[in-house]
Amino acid sequence: MHRYDRSWRACRWLRRSGAPDDAWHGARGRLTVASLRTAIADIARCHVRICGPVAMAAATQALLGELEIPPSRIACEAFGGTSPTTDEPLDTNDYPLRFLPSGTTCVARGTQTVLDAALRSGVTFDQGCLAGVCGRCRIRLVEGEVATGCEAGLSAADKKAGYVLACQTKPRGTVVLADE
Ligand code: FES
């Protein structure tokens with residue numbers, strides 16, 4: 001990385017389920033459109049290289065899509081895990097989400113996960129790996145069409161009961177979810 005530091009403006013984030021130790025004084029949490037804009041003010045003009053697990057790479061590509069960075073300026077090296085999406089085109093429509101039993105509502109873009117949209121709207125959510133593995137963001141899909149990614153964190157019984165992983169689920173229409 002030292003070699004790249006001279007020519008690349010690298011943005012370093014901790015993206016793991018464990019909490020960073022006290023020695024870390026940088027940004028914490030998931031990448032978001034806002035945090036990318038804050039870290040790299042001229043990101044809209046940058047060439048971006050993504051390297052990491054498939055789910056992370058796909059989520060980052062979606063964020064870059066929201067920043068309107070064309071695919072021709074994004075290089076991606078993804079490995080490990082299951083691809084969270086098919087070859088379907090980028091869905092930039094906005095869809096209403098409703099959470100039961102509270103009745104809280106928010107809007108999610110088709111490129112956003114349910115978890116991202118909920119957190120941005122102040123809906124509290126348990127979360128851990130953000131990669132579809134730990135199952136902590138499990139929530140039941142009551143109604144609506146969704147696209148799902150890695151489901152390693154769900155048992156066969158969970159799937160049969162209609163549970164999805166909020167960190168791996170993107171809306172494809174009006175969606176109702178129940179935290180139960
Ligand atoms: S946060 Fe771990 S599966 Fe969603």
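Which side chains meet in a salt bridge at 3.6 Å, N to O? The legends below, drawn from a predicted model, begin with that pair.

**View 1. Arg172 and Asp91 meet through their side chains in a salt bridge.** Their N to O distance is 3.6 Å. The pair links distant parts of the chain, 81 residues apart. Arg172 sits in the loop between strand E8 (169-171) and strand E9 (175-178), while Asp91 belongs to the loop between strand E2 (74-79) and strand E3 (94-100). Both Arg172 and Asp91 are buried. If you care to look for others, the whole structure holds five salt bridges, and two of them have views of their own here.

**View 2. Asp94 forms a salt bridge with Arg109.** Here the closest N and O atoms are 3.1 Å apart. This pair also links distant parts of the chain, with Asp94 in strand E3 and Arg109 in strand E4, 15 residues apart. Asp94 counts as partly exposed, at 45% relative accessibility. Arg109 is partly exposed as well, with a relative accessible area of 31%.

**View 3. Asp158 and Arg138 join a helix to a strand.** Their side chains meet in a salt bridge at 2.6 Å, N to O. Because Asp158 lies in helix H5 (residues 156-160) and Arg138 in strand E5 (residues 138-143), the pair ties together parts that are 20 residues apart in sequence. The two partners differ in their surroundings: Asp158 is buried, with a relative accessible area of 13%, whereas Arg138 is partly exposed at 32%.

**View 4. Gln112 is a buried loop residue.** You will find Gln112 in the loop between strand E4 (104-109) and helix H4 (114-120). Its relative accessible area is 7%, so Gln112 falls under the 20% cut-off for buried residues. Leaving aside neighbours within four places in sequence, Gln112 is in contact with Glu66, Val107, Ala117, Arg120, Thr169, Lys170 and Pro171.

**View 5. Helix H3 covers residues 54-66.** From its first C-alpha to its last, this helix of 13 residues reaches 19 Å, close to the 18 Å expected at 1.5 Å a residue. An α-helix has 3.6 residues a turn, so residues three or four places apart point the same way. It is worth following the buried residues of H3 along the helix: Val54, Ala55, Met56, Ala57, Ala58, Thr60, Ala62, Leu63 and Leu64. Glu66, which H3 includes, is among the contacts of Gln112 from the previous view. Just after H3, Glu68 takes a positive phi of about 60°.

Terms used: Residues numbered from 1 in each chain as written. Predicted model: local features only at pLDDT ≥ 70, side-chain atom pairs only at ≥ 80, totals over all residues. Heavy atoms only, no water. Helix = DSSP H or I, 4+ residues; strand = E, 2+ residues; numbered from the N terminus. Expected span 1.5 Å × (residues − 1). Buried < 20%, exposed > 50% of the residue type's maximum accessible area, 1.4 Å probe, protein only. Contact = heavy atoms within 4.5 Å. Salt bridge = Lys/Arg side-chain N within 4 Å of Asp/Glu carboxyl O.
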